[in-house]
Amino acid sequence: MSQITNLAATREQLLIAARAAAQIAYAPYSGFHVGAALLLSDGRIVTGANVENASYGLALCAETVAVAKILSEGRRGGLEAVAVTGGAPGAPGQATVTPCGRCRQVLNELAALGKTDPIIWCDGPDGGLELRLSELLPHAFGPSDLGLDQA
Ligand code: THU
């Protein structure tokens, strides 16, 4: 059963959670604070923020951090919706942020395990963007390509 009964209310709830997560991002090098909020089919909202490193290339994106939290707790699948926001500290949503290519693939892993095609809300001016993961990552490579049985 989907958790989403009121699309606008769910969007607002996830964006608020993503903006709160962005506030605690560790992004001293880029100064670009990203927050992600993932809604699961049991109603849980799991957030992530970007985590940078003095070795710049080791930065972890907000979406990837959130997916890692979920998978490392043993949860598989059930990804219904995602909100992403980013920008200067304290000013999320000033520009529209879509998940980077790597994050699209990472989100796809969790989504594919439960055969969902989550809504992706990208915060931004004029309402941002609303897309399905399949629109952001068409013809995705996923668990089934390696013979992994899905729910
Ligand atoms: N970033 C994310 O957290 N998610 C994305 O989808 C795009 C980029 C982070 C990585 C880095 O810490 C900062 O934004 C600037 O690229």
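Me: What places asparagine 50 in a loop in this predicted model?
Reply: Asparagine 50 comes between strand 2 (45-49) and helix 2 (62-72), in the loop that links them in sequence.

Me: Why is asparagine 50 called buried?
Reply: Its relative accessibility is 6%. Buried means under 20%, so asparagine 50 counts as buried.

Me: Which residues is asparagine 50 in contact with, leaving aside neighbours within four places in sequence?
Reply: Ala25, Tyr26, Ala27, Phe32, His33, Val34, Leu60, Cys61 and Ala62.

Me: What makes the approach of asparagine 50 to phenylalanine 32 a polar contact?
Reply: The side chain of asparagine 50 comes to 2.8 Å from the backbone oxygen of phenylalanine 32. The cut-off is 3.5 Å for a pair of N or O atoms, one able to donate a hydrogen and the other to accept it, so this pair qualifies. A polar atom of that asparagine 50 side chain also lies 3.0 Å from the backbone nitrogen of valine 34.

Me: How do you know that glutamate 52 makes a polar contact with the ligand?
Reply: An N or O atom in the glutamate 52 side chain is 2.5 Å from a ligand oxygen. The limit is 3.5 Å, so that pair counts. Glutamate 63 gets to 2.7 Å of a ligand oxygen with a polar side-chain atom, while alanine 62 uses a backbone N or O atom, at 2.9 Å. As for cover, the protein takes up 79% of the 370 Å² of accessible area that the ligand has on its own.

Me: What makes up the shell around the ligand, by class?
Reply: There are 6 nonpolar, 3 polar and 2 charged residues. Asn50 is among the residues around the ligand, and so are Glu52, Ala62 and Glu63.

Note on methods: Residues numbered from 1 in each chain as written. Predicted model: local features only at pLDDT ≥ 70, side-chain atom pairs only at ≥ 80, totals over all residues. Heavy atoms only, no water. Near = heavy atom within 4 Å. Areas by Shrake-Rupley, 256 points an atom, 1.4 Å probe, with all protein chains shown as cover. Nonpolar A, V, L, I, M, F, W, Y, C, P; charged D, E, K, R; others polar. Helix = DSSP H or I, 4+ residues; strand = E, 2+ residues; numbered from the N terminus. Buried < 20%, exposed > 50% of the residue type's maximum accessible area, 1.4 Å probe, protein only. Contact = heavy atoms within 4.5 Å.
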